[in-house]
Amino acid sequence: MEALIYGYLRDDLADGHCEELEDAMSTLAEAEGLCFAATFHESTSGDGTAFAELTQELKRADAHHVVVPSLDHFAGQTIPRDILIAKLAQDASAQVWTVEDLQGPPGHIEA
């Protein structure tokens, strides 16, 4: 059985390209042998609701992978990016993957 991976996307950074970004995240998941489960969309207000829901779903599903178009999707919140990545690692033992460099090997961050 393939491990689950969840997407996280800030709608304000998607600039109307949510579907394309989700396709890119799904492509990375497939290339890495992971099962793309769903994308959590952070509203343009960026209040962190989707991030909290993502963390809860990771724990519920015993999933340990998150994919974002770029690490910028963790920036701009009230909590700095590095703390959000560390929270995913601590709360759900999650690894963060990015698709910003699809031309090269997919990158991931061990938090």
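**Group meeting: a walk through the fold**

Let's start at one residue, Ile5. Leaving out residues up to four places away in sequence, Ile5 touches Ala29, Leu34, Cys35, Phe36, Ala37, Ala38, His65, Val66, Val67 and Trp97. Keep in mind that this is a predicted model. Ile5 lies in strand 1. Is Ile5 buried or exposed? Buried, with a relative accessibility of 0%. Take one partner from that list, Cys35. Ile5 and Cys35 are 30 residues apart in sequence, yet their C-alpha atoms are 5.9 Å apart in space.

Now step back to the whole chain. The protein chain has four helices and five strands. Their order along the sequence is β-α-α-β-α-β-α-β-β. How much of the chain is buried? Of its 111 residues, 41% count as buried. The accessible surface comes to about 6,000 Å². Carbon and sulfur atoms hold 49% of that surface.

What about long-range contacts? Take the contacts in the protein chain with a separation of 6 or more. Residues 24 or more positions apart account for 70% of them.

Next, the interior. In soluble globular proteins, nonpolar side chains tend to be buried together. Here, the largest nonpolar core has 18 residues. Which of its members touch the most other members? They are Tyr8, Leu54, Leu58, Val66, Phe74 and Leu88. Where do the core residues come from? At least two each are supplied by strand 1 (4-10), helix 3 (49-61), strand 3 (65-68) and helix 4 (81-92). There is also another core, apart from this one, with nine residues. Among them are Leu28, Val67, Trp97 and Val99. Two of those names should sound familiar: Ile5 touches both Val67 and Trp97.

Back to the largest core, and to Leu88. Set aside its neighbours within four places in sequence. Leu88 is then in contact with Phe51, Leu54, Thr55, Leu58, Val66, Phe74, Ser93, Ala94 and Val96. Leu54, Leu58, Val66 and Phe74 are on that contact list, and they were also among the members touching the most others in the core.

Now the charged pairs. How many salt bridges does a search of the whole structure find? Four. I'll go through three.

First up, Glu57 and Arg60. They form a salt bridge, with the closest N and O atoms 2.6 Å apart. Both sit in helix 3, three residues apart, so about one helical turn separates them. The two ends differ in exposure. Glu57 counts as buried, at 17% relative accessibility, because the cut-off for buried is under 20%. Arg60 is exposed, with a relative accessible area of 60%.

Next, Lys87 and Asp91. Their side chains meet in a salt bridge at 2.5 Å, N to O. Why is one helical turn the right picture for this pair? Because Lys87 and Asp91 are four residues apart in helix 4, they are separated by about one helical turn. Lys87 is partly exposed, at 36% relative accessibility. Asp91 is partly exposed too, with a relative accessible area of 25%.

Last pair: Asp72 and Arg81. These side chains also meet in a salt bridge, at 3.9 Å, N to O. The cut-off for a salt bridge is within 4 Å, so this pair counts. Asp72 is partly exposed, at 44% relative accessibility. Arg81 is partly exposed as well, with a relative accessible area of 30%.

To wrap up, three things to look at on the screen. Find Ile5 in strand 1. Find Leu88 in the largest nonpolar core. Then find Glu57 and its salt-bridge partner, Arg60. Over to you for questions.

Note on methods:
Residues numbered from 1 in each chain as written. Predicted model: local features only at pLDDT ≥ 70, side-chain atom pairs only at ≥ 80, totals over all residues. Heavy atoms only, no water. Core = buried A, V, L, I, M, F, W, Y, C linked by side-chain atoms within 4.5 Å. Buried < 20%, exposed > 50% of the residue type's maximum accessible area, 1.4 Å probe, protein only. Contact = heavy atoms within 4.5 Å. Areas by Shrake-Rupley, 256 points an atom, 1.4 Å probe, with all protein chains shown as cover.
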